[in-house]
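Hi everyone, thanks for having me. Let me put the structure on the screen, and then we can walk through it together.

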Amino acid sequence: EVQLVESGGGLVQTGGSLRLSCAASGFTSDAYAIGWFRQAPGKERERVSLISSIDGSTYYADSVKGRFTISSDNAKNTVYLQMNSLKPEDTAVYYCAADLDPLIWYAGTSAYWGQGTQVTVSS
């Protein structure tokens, strides 16, 4: 069974940085899409970033482009989200999500989800 466990959230001031981690286990496929969504209270769930296990290609939401960087460590079966120049608008619960099909991931209906980690950016 696939399990995703996020960590690294916390409280930072505007302009600060955090690095989120998503440790994956039980995912035997060599080809999958894995990345991050976020959801703030009263707002829609938002796609944040995606990385492909095949070639390392990435996707970023316009709202985080240039500030966030997604990467993976295949040896550790872990994906990271480096978040720099954080803004109060980045405050949300961040979820790791994975699916065999990147289109399913993009639609927000991934088969596998982590429990979420809270990111709070104070002004």
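Let's start with a question: which residue forms a salt bridge with Asp90? Before I answer, please keep in mind that this is a predicted model. The partner is Arg38, and the closest N and O atoms of the two are 2.9 Å apart. If you follow the chain, you'll see that this pair links distant parts of it: Arg38 sits in strand β4, Asp90 belongs to the loop between β8 and β9, and 52 residues separate them.

Now, are these two buried or exposed? Arg38 has a relative accessibility of 5%, so it counts as buried. Asp90 comes out at 1%, so it is buried as well.

Arg38 has another partner, too. Its side chain meets that of Glu46 in a salt bridge, at 2.8 Å from N to O. Glu46 is partly exposed, because its relative accessibility is 27% and the buried class ends at 20%. Step back a little and you find a network of salt bridges that links Arg38, Glu46, Arg67 and Asp90.

How many salt bridges does the structure hold? The count is four. One of them joins Asp62 and Lys65, with 3.0 Å between the closest N and O atoms, and here both residues are exposed.

Next, the nonpolar side of the story. The largest nonpolar core has 29 residues, and the ones with the most contacts inside it are Ile34, Trp36, Leu81, Met83 and Tyr94. Many strands contribute: β3, β4, β5, β7, β8, β9 and β11 each supply at least two residues of this core. Apart from this core lies another one, of five residues, including Ala33, Phe37, Ala97 and Trp105.

Let's zoom in on Met83. Leaving aside residues up to four places away in sequence, Met83 touches Gly16, Ser17, Leu18, Leu20, Arg67, Phe68, Tyr94 and Val119. You may recognise Arg67 from the salt-bridge network.

Last topic: backbone angles. Most residues other than glycine have a negative phi. With that in mind, look at Asn77, which is not a glycine and yet has a positive phi of about 50 degrees. You'll find Asn77 in the loop between β7 and β8, partly exposed at 43% relative accessible area.

Ser85 is also a non-glycine residue with a positive phi of about 50 degrees. Its place is the loop between β8 and β9, and with 41% relative accessibility Ser85 counts as partly exposed.

That's my tour. Thanks for listening!

Methods: Residues numbered from 1 in each chain as written. Predicted model: local features only at pLDDT ≥ 70, side-chain atom pairs only at ≥ 80, totals over all residues. Heavy atoms only, no water. Core = buried A, V, L, I, M, F, W, Y, C linked by side-chain atoms within 4.5 Å. Buried < 20%, exposed > 50% of the residue type's maximum accessible area, 1.4 Å probe, protein only. Helix = DSSP H or I, 4+ residues; strand = E, 2+ residues; numbered from the N terminus. Contact = heavy atoms within 4.5 Å.
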